[in-house]
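Visitor: Please take me through one part of this model in close detail. I would like to see how the pieces there fit together, and then what surrounds them.

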Amino acid sequence: SEGVPATVFVIGSDVGKEDVTWDEAGDKTRGTLLSWADLAGLTLRGWEIGSHCDEHVHLDRRPATEQSRLIRAGIERISRELGGDPVAFAYPYGAYNQDTIEILRANGVRVAVTTERPGAADLSPADDHFRIRRLAVGGWAWHHFVKTFIRTLIVVGPLAMLPRNGVVVPAVESPAKQADG
(Lines give C-alpha, C1' and ligand atoms only; values in the text may rest on other atoms or scores of the structure.)
Protein backbone atom coordinates (compact mmCIF):
# COMPACT_ATOMS: atom_id res chain seq x y z
CA SER A 1 0.00 0.00 0.00
CA GLU A 2 3.03 2.30 0.37
CA GLY A 3 4.14 1.72 -3.24
CA VAL A 4 7.53 0.35 -2.19
CA PRO A 5 8.66 -2.69 -4.18
CA ALA A 6 9.82 -5.67 -2.17
CA THR A 7 11.07 -9.17 -2.82
CA VAL A 8 10.79 -12.16 -0.51
CA PHE A 9 13.38 -14.86 -1.19
CA VAL A 10 12.12 -18.34 -0.34
CA ILE A 11 13.81 -21.65 0.27
CA GLY A 12 11.53 -23.88 -1.76
CA SER A 13 11.65 -27.04 0.36
CA ASP A 14 11.10 -25.11 3.61
CA VAL A 15 8.03 -23.03 2.71
CA GLY A 16 5.34 -23.43 5.37
CA LYS A 17 7.54 -25.30 7.83
CA GLU A 18 7.64 -24.62 11.57
CA ASP A 19 10.64 -24.79 13.93
CA VAL A 20 13.08 -24.42 11.04
CA THR A 21 16.83 -24.15 11.58
CA TRP A 22 19.59 -24.51 9.03
CA ASP A 23 22.56 -26.71 9.97
CA GLU A 24 25.11 -24.67 8.04
CA ALA A 25 23.98 -21.39 9.64
CA GLY A 26 25.32 -22.01 13.11
CA ASP A 27 22.36 -20.02 14.51
CA LYS A 28 19.94 -22.45 16.10
CA THR A 29 17.12 -19.92 16.52
CA ARG A 30 13.98 -21.68 15.31
CA GLY A 31 11.48 -19.98 13.07
CA THR A 32 8.17 -20.51 11.31
CA LEU A 33 8.20 -19.74 7.60
CA LEU A 34 5.50 -18.32 5.34
CA SER A 35 3.19 -20.79 3.59
CA TRP A 36 2.49 -20.91 -0.14
CA ALA A 37 -0.89 -19.29 0.58
CA ASP A 38 0.88 -16.47 2.45
CA LEU A 39 3.26 -15.98 -0.46
CA ALA A 40 0.40 -16.00 -2.98
CA GLY A 41 -1.25 -13.26 -0.94
CA LEU A 42 1.92 -11.20 -1.08
CA THR A 43 2.09 -11.53 -4.87
CA LEU A 44 -1.47 -10.17 -5.07
CA ARG A 45 -0.19 -7.12 -3.20
CA GLY A 46 2.64 -6.58 -5.68
CA TRP A 47 5.46 -8.40 -3.91
CA GLU A 48 7.98 -10.37 -5.95
CA ILE A 49 8.83 -13.89 -4.85
CA GLY A 50 12.46 -14.75 -5.58
CA SER A 51 14.35 -17.98 -5.09
CA HIS A 52 16.77 -18.63 -2.26
CA CYS A 53 17.48 -22.14 -3.64
CA ASP A 54 15.59 -25.31 -2.74
CA GLU A 55 17.76 -25.94 0.33
CA HIS A 56 19.64 -23.45 2.51
CA VAL A 57 23.22 -24.53 1.73
CA HIS A 58 26.55 -22.95 0.80
CA LEU A 59 26.38 -23.32 -2.99
CA ASP A 60 30.09 -22.60 -3.45
CA ARG A 61 30.87 -25.81 -1.53
CA ARG A 62 28.83 -27.94 -3.94
CA PRO A 63 29.81 -29.28 -7.37
CA ALA A 64 28.14 -27.58 -10.33
CA THR A 65 25.80 -30.54 -10.92
CA GLU A 66 24.42 -30.33 -7.38
CA GLN A 67 24.17 -26.53 -7.56
CA SER A 68 22.19 -26.90 -10.77
CA ARG A 69 19.81 -29.44 -9.21
CA LEU A 70 19.20 -27.29 -6.10
CA ILE A 71 18.74 -24.04 -8.02
CA ARG A 72 16.42 -25.60 -10.61
CA ALA A 73 14.36 -27.40 -7.92
CA GLY A 74 13.79 -24.10 -6.08
CA ILE A 75 12.75 -22.31 -9.26
CA GLU A 76 10.43 -25.15 -10.34
CA ARG A 77 8.79 -25.33 -6.90
CA ILE A 78 8.02 -21.58 -6.94
CA SER A 79 6.72 -21.83 -10.51
CA ARG A 80 4.50 -24.80 -9.66
CA GLU A 81 3.06 -23.22 -6.52
CA LEU A 82 2.73 -19.58 -7.60
CA GLY A 83 2.98 -19.57 -11.39
CA GLY A 84 5.82 -18.03 -13.36
CA ASP A 85 9.52 -18.55 -12.86
CA PRO A 86 11.27 -16.21 -10.41
CA VAL A 87 13.82 -13.85 -11.97
CA ALA A 88 15.56 -12.85 -8.72
CA PHE A 89 17.80 -15.03 -6.55
CA ALA A 90 19.47 -14.56 -3.15
CA TYR A 91 22.57 -16.67 -2.53
CA PRO A 92 22.14 -18.68 0.68
CA TYR A 93 24.80 -17.38 3.11
CA GLY A 94 25.98 -15.16 0.25
CA ALA A 95 27.96 -18.17 -0.99
CA TYR A 96 28.42 -18.53 -4.74
CA ASN A 97 31.05 -18.99 -7.43
CA GLN A 98 31.20 -18.52 -11.19
CA ASP A 99 29.42 -21.87 -11.75
CA THR A 100 26.51 -20.59 -9.64
CA ILE A 101 26.19 -17.46 -11.77
CA GLU A 102 26.24 -19.44 -15.03
CA ILE A 103 23.61 -21.86 -13.68
CA LEU A 104 21.38 -18.95 -12.67
CA ARG A 105 21.69 -17.38 -16.13
CA ALA A 106 20.87 -20.72 -17.80
CA ASN A 107 17.72 -20.94 -15.65
CA GLY A 108 16.36 -17.52 -16.58
CA VAL A 109 17.40 -15.65 -13.44
CA ARG A 110 18.19 -12.01 -14.22
CA VAL A 111 19.45 -10.67 -10.88
CA ALA A 112 21.09 -12.16 -7.79
CA VAL A 113 21.89 -10.57 -4.45
CA THR A 114 24.80 -11.26 -2.13
CA THR A 115 25.06 -10.76 1.62
CA GLU A 116 27.77 -8.13 1.17
CA ARG A 117 26.77 -4.85 2.78
CA PRO A 118 26.29 -1.98 0.37
CA GLY A 119 27.82 1.43 0.79
CA ALA A 120 26.30 4.74 -0.28
CA ALA A 121 27.87 4.34 -3.77
CA ASP A 122 25.98 1.04 -4.16
CA LEU A 123 22.59 2.77 -4.04
CA SER A 124 22.83 3.43 -7.79
CA PRO A 125 22.05 0.75 -10.42
CA ALA A 126 24.53 -2.13 -10.42
CA ASP A 127 26.67 -3.02 -13.41
CA ASP A 128 26.88 -6.68 -12.38
CA HIS A 129 23.35 -7.96 -11.89
CA PHE A 130 24.58 -11.20 -10.32
CA ARG A 131 26.57 -9.58 -7.50
CA ILE A 132 24.14 -6.99 -6.15
CA ARG A 133 24.87 -6.01 -2.56
CA ARG A 134 21.88 -5.83 -0.25
CA LEU A 135 20.72 -4.99 3.21
CA ALA A 136 19.41 -8.08 4.94
CA VAL A 137 16.03 -7.49 6.54
CA GLY A 138 14.56 -10.18 8.70
CA GLY A 139 15.14 -12.51 11.54
CA TRP A 140 13.13 -13.87 14.41
CA ALA A 141 14.71 -12.22 17.42
CA TRP A 142 15.09 -8.66 18.72
CA HIS A 143 18.81 -8.60 17.89
CA HIS A 144 17.99 -9.20 14.20
CA PHE A 145 15.95 -5.97 14.16
CA VAL A 146 18.74 -4.04 15.90
CA LYS A 147 21.37 -5.34 13.42
CA THR A 148 19.17 -4.35 10.47
CA PHE A 149 18.57 -0.90 11.94
CA ILE A 150 22.30 -0.30 12.48
CA ARG A 151 23.21 -1.56 9.00
CA THR A 152 20.62 0.76 7.48
CA LEU A 153 22.02 3.74 9.39
CA ILE A 154 25.53 2.90 8.18
CA VAL A 155 24.39 2.87 4.54
CA VAL A 156 22.06 5.86 4.49
CA GLY A 157 24.02 7.92 6.99
CA PRO A 158 22.83 9.82 10.04
CA LEU A 159 19.44 10.70 8.57
CA ALA A 160 16.27 11.04 10.59
CA MET A 161 14.42 7.76 11.03
CA LEU A 162 10.70 8.37 10.57
CA PRO A 163 8.00 6.07 11.96
CA ARG A 164 5.38 5.20 9.33
CA ASN A 165 2.49 2.87 10.14
CA GLY A 166 4.40 1.56 13.14
CA VAL A 167 7.53 0.81 11.10
CA VAL A 168 10.75 2.81 11.28
CA VAL A 169 11.96 3.70 7.79
CA PRO A 170 14.93 5.83 6.78
CA ALA A 171 14.14 9.28 5.40
CA VAL A 172 16.07 9.25 2.11
CA GLU A 173 15.63 11.90 -0.55
CA SER A 174 15.75 10.93 -4.19
CA PRO A 175 19.09 11.62 -5.96
CA ALA A 176 17.32 14.20 -8.20
CA LYS A 177 15.98 16.10 -5.20
CA GLN A 178 19.42 16.01 -3.53
CA ALA A 179 20.98 17.46 -6.71
CA ASP A 180 18.44 20.29 -6.79
CA GLY A 181 19.27 21.08 -3.38
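Guide: What follows starts with the whole chain, then turns to one helix contact, and ends with the loops and rings beyond.

The model is predicted. Its chain holds five helices and six strands. From the N terminus, the order is β-α-β-α-β-α-β-α-β-β-α. The chain has 181 residues, and 31% of them are buried. Take the contacts between residues at least 6 apart in sequence: 50% of these join residues at least 24 apart. The accessible surface comes to about 10900 Å². Carbon and sulfur atoms account for 53% of that surface.

Now the close look: helix α1 against helix α2.

Helix α1 covers residues 36–44, and helix α2 covers residues 64–82. Two packed helices are described by the angle between their axes and the distance between the axes. For α1 and α2 the angle is about 75°, and the axes lie 10 Å apart. An angle from 65 to 115 degrees counts as roughly perpendicular, so α1 is roughly perpendicular to α2.

Which residues meet in this contact? From α1 come Trp36, Leu39 and Ala40. From α2 come Arg77, Ile78, Glu81 and Leu82. By type, the residues of the contact divide into five nonpolar, no polar and two charged. Arg and Glu count as charged, so Arg77 and Glu81 are the charged residues among those that meet here.

The spacing along a helix helps in reading such a list. An α-helix has 3.6 residues a turn, so residues three or four places apart point the same way. With that in mind, look again at the names from α1: Trp36, Leu39 and Ala40. On the α2 side, the names to look at are Arg77, Ile78, Glu81 and Leu82.

Next, burial in α1. Trp36, Leu39, Gly41 and Leu42 are buried there. What do the buried residues of α1 pack against? Their partners are β1 (7–10), β2 (48–51) and α2. Trp36 and Leu39 are thus buried, and both also take part in the contact with α2. Just after α1 comes Gly46, with a positive phi of about 95°.

Move on to the loop between β2 and α2. Cys53 sits in this loop. Its phi is near 85°, a positive value in a residue other than glycine. Is Cys53 buried or exposed? Buried means under 20% relative accessible area. Cys53 is at 0%, so it counts as buried.

A second residue of this kind lies further along. Tyr93 is not a glycine, yet it has a positive phi of about 60°. Its place is in the loop between β3 (88–90) and α3 (98–106). Tyr93 counts as partly exposed, at 23% relative accessibility.

Finish with the aromatic rings. There are two aromatic pairs. In one, the ring centres of Phe89 and Tyr91 lie 5.7 Å apart, with the planes at 70°, so the pair is edge-to-face. Phe89 is buried, at a relative accessible area of 0%. Tyr91 is buried too, also with a value of 0%. Tyr91 pairs with Tyr96 as well: the centres are 4.2 Å apart and the planes are at 20°, so this pair is stacked. Both Tyr91 and Tyr96 are buried. Phe89, Tyr91 and Tyr96 form one aromatic cluster.

Definitions and conventions: Residues are numbered from 1 along each chain as its sequence is written. This is a predicted model: local features need pLDDT of at least 70, side-chain atom pairs count only at pLDDT 80 or more; totals for chains, interfaces and linings use all residues. Side-chain values use heavy atoms; hydrogens and water are left out. Helices (H or I, at least four residues) and strands (E, at least two) are DSSP runs, numbered from the N terminus. Buried means under 20% relative accessible area, exposed over 50%, partly exposed in between (1.4 Å probe, protein chains only). Contact means heavy atoms within 4.5 Å. Accessible areas come from the Shrake-Rupley method with a 1.4 Å probe; for residues, only the protein chains shown count as cover. Rings of Phe, Tyr and Trp (its six-membered ring) pair if their centres lie within 6.5 Å; planes under 30 degrees apart count as stacked, over 60 as edge-to-face and the rest as tilted. Axes are lines fitted to C-alpha atoms, for helices over the stretch in contact, and angles run from 0 to 180 degrees between N-to-C directions. Angles under 35 degrees count as roughly parallel, over 145 as roughly antiparallel, 65 to 115 as roughly perpendicular and the rest as oblique.
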